[in-house]
Amino acid sequence: MAGNLWKPYSRVPLLGWFFGALVAVTLERLAGAPLAQFLGLQKIPVLFGFSDMLKTPVSIPNVLLYLLAVYVVPAAAVTRLGASPANGIAAALYRFPMAVTAAVHLALLYAVLHVWAGASDYRVLVLRLTLIAVMLTLSLNVINGYMGEFSCSHPGFMALGAYCASVLTIGLFVDAELFGAASLSPALGRFLFPVALVLGGLLASFGGLFVAIPSFRTRGDYLAIISLAFLFIVKSLIENLEFVRGPRGLSGQPDWADLPTVFLWTVLCVWSVNNFVRSTIGKALNAVRDNEMAADAMTVDTRKTKIAAFLFGAFWAGVAGGLFAHVMRYVNPGNFGIQNLAEVLAMVYFGGLNSVYGSIVGAVSISLLGEALRPLEIFKWIIIPLLLILVMIFRPTGLIAFRDLDVASLLKPKANPGEGG
Amino acid sequence: MAVFLQNLVNALQWGSFYALIALGYSMVYSILMLFNFAHGDIFMVGSYIGVGVSMALIALSAWGNVVLPNWLILVLTILFSMFLTSFVGMIVERVGYRPLRNAPRASAAITGLMIGIILETGNLALLGARRVSFPSLIATATYDLGGVFVTNKKIMIVLVSLLLALALHQFVRRTKWGMAIRAMAFDFSVVPLMGVPLNRMIALTFALGSALAAAAGILFGVAYPVLDPYMGILFGWKAFVAAILGGRGSIMGATLAGFLLGFTEIFVAMIFPSTLRDLIAYSIILLILTVRPHGFFGEPYSARLRL
Amino acid sequence: MTLPVLQVRNLSHDFGGLRAVRGYNLEIGSGQIRGLIGPNGAGKTTIFNLITGIYKPSEGEIFLGGKKIDGLPPHRIASLGVSRTFQNLLLWRHMTVLEHVKMARYSKIRYGWLGAFFGTSARHREEAGIEETALHLLDRMGIRHLADQVVLNLPYGAQRRVEIARALATEPGILLLDEPTAGMNPEELAQIMEIIRRVHGEFGMSILLIEHRMKVVMELCETVQTLDFGAVIAEGTPGEIQNNPRVIDAYLGRERAE
């Protein structure tokens with residue numbers, strides 16, 4: 001029965017799902033508020049109603065009704081009915097160069113997110129932080145998953161990127177008493193913001209060298225400690241730097257990390273990481289992880305490979321840090337400690353090692369879960385760890401390990417129901 | 001000179017905590033080849049259990065109208081808490097590590113981290129955010145040794161720590177159980193063949209490590225009475241660093257490296273502004289590990305993370 | 001006559017105080033198959049590790065086609081043309097058969113880091129070429145149908161073939177095979193010998209072969225060196241070696257002592 005219901009959906013292309021989602025979120029924007037009122041909810045359930053349901057269990061049926069009426073039924077109907085036209089469009093798109101096809105899909109995805117998030121500022125914030133978490137998780141997966149080192153320095157890389165980008169934007173564009181009068185017009189800032197982020201990423205990459213070079217000679221636990229020491233060093237370095245206000249933190253970053261900016265950077269990150277790990281040069285990371293001696297004997301330059309993995313991972317962590325600073329518009333050294341490390345590690349290992357899919361799933365589910373369980377307050381930090389322990393016990397490499405994105409097959413129209421995949 | 005000696009005394013006390021915690025890391029490492037990342041939080045739990053036990057003992061003696069001298073209460077607290085905390089360690093092993101014994105090491109590290117978070121949060125959920133302080137059982141007496149001030153507490157802390165480290169050393173050398181632990185550290189796979197009950201031995205190792213962490217927790221509470229649920233995090237990670245510096249699985253190494261870390265931190269704080277303590281201490285550690293990648297007493301072999 | 005493919009002169013190596021290899025000499029011409037036999041612990045694999053750069057020799061020189069290669073890092077030596085298999089199969093446990101062979105083309109890749117990150121068209125062209133070469137090699141080894149399998153799931157004989165295919169993908173001038181028949185049943189043995197013959201015949205490959213089984217050595221090798229305690233004690237055709245009293249003594253004497 002369930003199989004029969006599901007069957008028509010197996011030939012829905014990705015495009016069709018996006019159409020369905022777009023209709024659902026548009027419907028929510030148009031009719032969500034009156035519907036919520038009609039169902040006796042104070043306002044539209046912000047994060048799929050999780051917090052409403054947890055706070056007032058009485059409202060559970062109403063929230064579920066809302067979710068059904070706004071998301072599930074319209075999306076299901078449109079996806080189902082629109083499968084054939086969607087396949088037609090997807091097939092037409094598929095004849096264009098892959099870049100064009102991908103761009104159309106991304107634009108549609110962005111539209112869905114934009115409309116959904118437009119309903120409240122809270123959604124925009126959560127979404128931006130989630131996208132940043134995706135970048136962080138993916139970049140850590142390059143080192144911990146693809147190359148199999150247990151690196152603990154990621155919050156350190158993030159901090160380097162966050163502070164570097166913040167110092168640049170505040171110092172150059174914002175009239176903060178910290179650095180004196182702004183010397184450049186804020187109008188220029190929008191264009192130079194990417195430069196600041198990239199410089200932050202490069203500084204993080206430079207920091208990555210301090211972990212990469214010891215990794216030539218040692219692996220495993222000792223490298224974990226070296227990376228941990230690096231994290232402590234970065235954190236306490238920042239605490240002692242008076243010109244970034246030490247432990248009090250930096251505030252007043254310009255509000256440039258809006259949703260489209262964060263989305264674009266995330267796409268760039270996912271795309272480049274996916275490219276990298278699917279290339280033979282990138283597969284060398286796996287070879288170094290699985291057997292370094294064999295990699296060496298098969299002409300792989302293992303040192304170059306290790307450096308590349310650390311620098312590349314650190315770069316994206318730095319960019320993510322820069323974006324994080326401009327989303328929160330305040331950073332202090334406390335943002336980049338052991339707690340943060342535990343969170344990123346949790347996302348990587350929950351989602352799955354050596355996996356682009358897994359990183360996205362891990363980052364999105366842990367971030368959203370963290371937000372959704374907010375009404376449980378402190379118990380949230382019992383439930384999420386328990387969940388992760390269960391995942392580790394039953395799937396030690398994470399939920400979706402060893403899966404990269406195959407963009408071509410993902411965007412393919414699915415004309416043949418029997419084809420599958 | 002007096003300043004130097006004064007700091008030496010402080011460093012000895014500070015190093016005692018690291019040494020006791022590092023021993024637990026090292027013991028578990030030596031047989032399971034993995035670090036129990038919940039260990040820092042077991043130190044915290046031990047400290048809280050110590051508060052509970054000592055308050056219970058005080059209440060008990062008041063109720064029974066028996067006048068127990070305070071030093072006896074302290075000794076009993078240490079012993080009882082070590083005993084109770086060892087069960088916490090065994091539970092952690094049973095829940096978090098035994099199901100993952102054949103899984104990748106990194107996965108076990110993650111469960112350890114998560115159990116640590118659960119212990120912290122569980123504590124917060126049970127006791128709320130109010131501060132818990134350790135009852136002051138012995139009055140501080142300060143002795144002036146030619147400009148160097150030594151308190152009775154400091155002497156006690158250092159002595160008890162050394163005593164426990166020595167006891168562990170003797171236990172591992174002399175007893176049947178200790179020999180079994182050493183055999184397992186030497187070659188995990190042959191031990192079941194020799195009739196050693198594997199699971200029980202691993203549980204014992206966790207129990208011993210946790211008991212030492214509890215002792216460290218109580219001694220810490222004697223010196224710095226205000227406790228908080230997150231106190232184990234930084235201590236745990238730093239002791240982990242000490243365990244690695246000492247060479248994995250080496251009891252002597254872990255003890256020495258624990259004291260060494262204490263010395264480094266205290267003396268860095270003596271010479272430089274105290275805010276630079278972590279920065280310089282960890283720069284030194286990074287330097288040491290870059291030059292001597294396998295610690296002071298460890299075997300130079302490179303363990304790989306199994307995926 | 002051109003230069004020998006591989007020339008080893010007076011090679012010695014010490015582990016701590018122990019001299020594992022002493023005064024070892026070797027010259028392999030183009031298309032020759034040489035055997036290297038000797039009791040366990042005689043230093044055979046150490047010689048392989050010295051030639052491939054895993055160990056740095058204490059004394060002596062190694063030339064590949066006239067170019068001095070001792071002291072270079074292993075991946076450089078490999079990309080110059082010394083390829084090998086390992087006695088205990090060092091495969092990459094999470095990678096597929098095809099990925100193994102593609103990986104061995106690493107040093108030939110020209111598209112660089114930017115190509116790897118941004119998927120340039122040069123990269124796609126090159127990756128397609130690599131894939132074609134790899135599939136072709138798998139075909140020649142008779143394991144093309146396994147291309148997308150993860151190596152861990154394969155039977156032992158197939159894993160050996162993957163290792164040889166991978167070694168050939170580096171386009172070596174000489175192939176070092178470290179006990180390729182270890183742990184094989186008679187059927188697998190016949191197949192792997194066929195593979196080695198084919199590698200020698202079709203690719204015209206020079207081969208240095210460590211082997212325990214006399215049958216394999218007798219059938220495949222033109223000349224054989226016998227190693228004992230790190231030194232060559234006999235050298236000649238398989239027939240000569242088999243009847244050499246010192247060789248017999250090295251094998252039997254060791255057994256008697258045990």
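A crossing of two helices is called left-handed if the near helix is turned anticlockwise from the far one by less than a right angle. Keep that in mind for this predicted model, where α15(A) passes α17(A) in just such a left-handed crossing. Below is a quick tour of that helix pair, the domains of chain A, the nonpolar cores and a few single residues.

**The α15/α17 pair in chain A**

- Helix α15 (residues 338-351) of chain A packs against helix α17 (residues 380-394) of chain A at an angle of about 40°, and the axes are 10 Å apart.
- On the α15(A) side, the contact is made by A:E343, A:A346, A:Y349 and A:F350.
- On the α17(A) side, A:W381, A:L387, A:L388, A:V391 and A:M392 do the job.
- Sorted by type, the residues of this contact come out as eight nonpolar, no polar and one charged.

**Domains of chain A**

- The domain assignment splits chain A into domain 1 (2-117) and domain 2 (121-409).
- Taken over C-alpha atoms, the centres of these two domains of chain A are separated by 30 Å.
- Where they meet, 19 residues of domain 1 of chain A are in contact with 16 residues of domain 2 of chain A.

**Nonpolar cores**

- The largest nonpolar core has 279 residues, and A:L228 and A:L323 have the most contacts inside it.
- This core lies between domain 1 (2-117) and domain 2 (121-409) of chain A, because both give residues to it.
- Setting aside neighbours within four places in sequence, A:L323 touches A:I132, A:M135, A:F193, A:L197, A:A257, A:T261, A:V262 and A:W265.
- Another core, of 24 residues, lies apart from the largest one; among its residues are C:V8, C:I62, C:I174 and C:L208.

**A:I366, a buried isoleucine**

- You'll find A:I366 in helix α16 (residues 356-372) of chain A.
- Its relative accessibility is 8%, so A:I366 counts as buried, the cut-off being under 20%.
- Beyond neighbours within four places in sequence, A:I366 is in contact with A:M347, A:F350 and A:I384.
- A:I366 and A:I213 sit 153 residues apart in sequence and 32 Å apart in space, C-alpha to C-alpha.

**Two residues with positive phi**

- Most residues other than glycine have a negative phi.
- A:R245 is not a glycine, yet has a positive phi of about 65°.
- A:R245 lies in the loop between α10 (220-240) and β1 (250-251) of chain A, and at 18% relative accessibility it counts as buried.
- C:N10, also not a glycine, has a positive phi of about 55°.
- C:N10 belongs to strand β1 (residues 6-15) of chain C and is partly exposed, with a relative accessible area of 43%.

Conventions:
Residues are numbered from 1 along each chain as its sequence is written. Chains are lettered from A and ligands numbered from 1 in the order in which they are written. This is a predicted model: local features need pLDDT of at least 70, side-chain atom pairs count only at pLDDT 80 or more; totals for chains, interfaces and linings use all residues. Side-chain values use heavy atoms; hydrogens and water are left out. Axes are lines fitted to C-alpha atoms, for helices over the stretch in contact, and angles run from 0 to 180 degrees between N-to-C directions. Helices (H or I, at least four residues) and strands (E, at least two) are DSSP runs, numbered from the N terminus. Contact means heavy atoms within 4.5 Å. Ala, Val, Leu, Ile, Met, Phe, Trp, Tyr, Cys and Pro count as nonpolar, Asp, Glu, Lys and Arg as charged, and the others, Gly among them, as polar. A nonpolar core is a set of buried Ala, Val, Leu, Ile, Met, Phe, Trp, Tyr and Cys residues joined through side-chain atoms within 4.5 Å. Buried means under 20% relative accessible area, exposed over 50%, partly exposed in between (1.4 Å probe, protein chains only). Domain bounds come from an automatic or database domain assignment.
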